[in-house]
Amino acid sequence: MKTYFGIVPEPGKRYYAQIPVGTLANRAEVKIPFLLVRGMEDGPVFWINGAVHGAELNGSVAAWELFRELDPKTLKGTLAITPIANALGFQRRDKISDLDCQDMDTSFPGNPNGTFTERISHAIYTQIKANADSVLSFHTMGPQWTAIPYTVSKIVPGADPEVIKKSQQLALAYGQEANCFLDLANASGELPGVTRGALDITCILDGIPTFMAEMGGGGRVQRENVDLAKASVRKVMAYMGMLTDQEPPAPMRRRIITRRTFTRGDGAGMYVPSVKPGDTMTGGGVQGRIHYFGDEMEECRLEQENIFFIGVRFNPVVNTGDPLSFVGTEWHFETC
Ligand SMILES: [Zn+2]
């Protein structure tokens, strides 16, 4: 018998809960929302985690709306959702918590005796590990960014190759043109810092197929990305045989990105991009210009032979070394 935060779900029922995860100095209790719907028939347990970075909200809203729209009569298995994992980052509209300055997506599997963030991670992860057959971790780029929607699945050293393959298949079932298949053994130019402790990596090492969906930009709710995320999750659930009223997704042309990086500028001031997400550039070129209200516009050139723009800075204010674009530099096309 499966239990989720103490809930033993019955077939055909929907559950809303607020899970206490800690207390602030002023004795205000911090809670994370939890949603669960169990279908009339048995099947896989699919877990959606949203806002592991507190400002990344499109997937959270999509998961909540989908949860309300799903008919338990046409559902096989269980959909479990933690839409706002990072309650501390969420309340300050930020990626991370200011209580412990920790990035929750480096803190899994968490620690029941650790920091506030680690305790929330532990509360969530113990439930995922005990129950989930597969996991989707929703992200967006930061509030300063505009970006195409895409998926990420990671080739994690030491993980079961079968689990890595299943993670990639789930990511493809999500139905986006752009998909990053990242080999962590040779990933370079990724986000600075550690990749250890990411939810997807932790799940994959524990044998649970997991992928990330990046749905546009943070700090706002983008209706087109919410609707796209809902339709895409339905495709994944159909692929897993969880939706009896929907066909599994058909093969389509994919861009499989195997290397990516942030591009950074030397200059400072106001950045004016000359590219947009989804553009490609070959043989190098100008991604944008920086000015500081003078006579000069500094060109921000890229030297890489092949560039696919995943995300472009939206907020123009840049300091030396700030990222200007997030780009794929190696990719191939496949129909799958
Ligand atoms: Zn994120």
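## A walk from E299 to the zinc ion

Start by selecting E299: this residue is partly exposed, with a relative accessible area of 38%. (Partly exposed lies between buried, under 20% relative accessible area, and exposed, over 50%, using a 1.4 Å probe and protein chains only.) You're looking at a predicted model, so local features need pLDDT of at least 70 and side-chain atom pairs count only at pLDDT 80 or more, while totals for chains, interfaces and linings use all residues. Residues are numbered from 1 along each chain as its sequence is written, and side-chain values use heavy atoms, with hydrogens and water left out.

Now add R289, which is partly exposed at 30%. Its side chain meets that of E299 in a salt bridge, 3.5 Å from N to O. E299 sits in strand β14 (residues 298–302) and R289 in strand β13 (residues 285–291), so the bridge ties together parts 10 residues apart in sequence. A salt bridge here means a side-chain nitrogen of Lys or Arg within 4 Å of a carboxyl oxygen of Asp or Glu. Helices (H or I, at least four residues) and strands (E, at least two) are DSSP runs, numbered from the N terminus.

**Next stop: E330 and R259.** Here's another salt bridge, also given as 3.5 Å, N to O. E330 is in strand β17 (residues 323–335) and R259 in strand β10 (residues 253–264), so this pair ties together parts 71 residues apart. E330 is partly exposed at 40%, and so is R259 at 24%.

**Then R223 and E65.** The structure has 15 salt bridges, and in this one the closest N and O atoms are 2.7 Å apart. The pair links helix α6 (residues 223–239), home of R223, to helix α1, home of E65, 158 residues away. R223 is partly exposed at 39%, whereas E65 is buried at 13%.

**Color α1.** This helix has 12 residues and spans 17 Å from first to last C-alpha, close to the 16 Å expected (1.5 Å times one less than its number of residues). Among its buried residues are N58, A62 and L66.

**Finish at the zinc ion.** Which residues coordinate it? Select H53 (ND1), E56 (OE, listed twice) and H139 (ND1), at 2.0 to 2.7 Å. (Donors are N, O and S atoms within 2.8 Å of the metal, or 3.2 Å for Na, K and Ca; water is not among the atoms, so sites may look incomplete.) The donor residues are spaced H-x2-E-x82-H. H53 lies in the loop between β3 (41–49) and α1 (58–69), and H139 in strand β5 (residues 134–141), 86 residues apart. H53 is buried at 6%, as is H139 at 4%.
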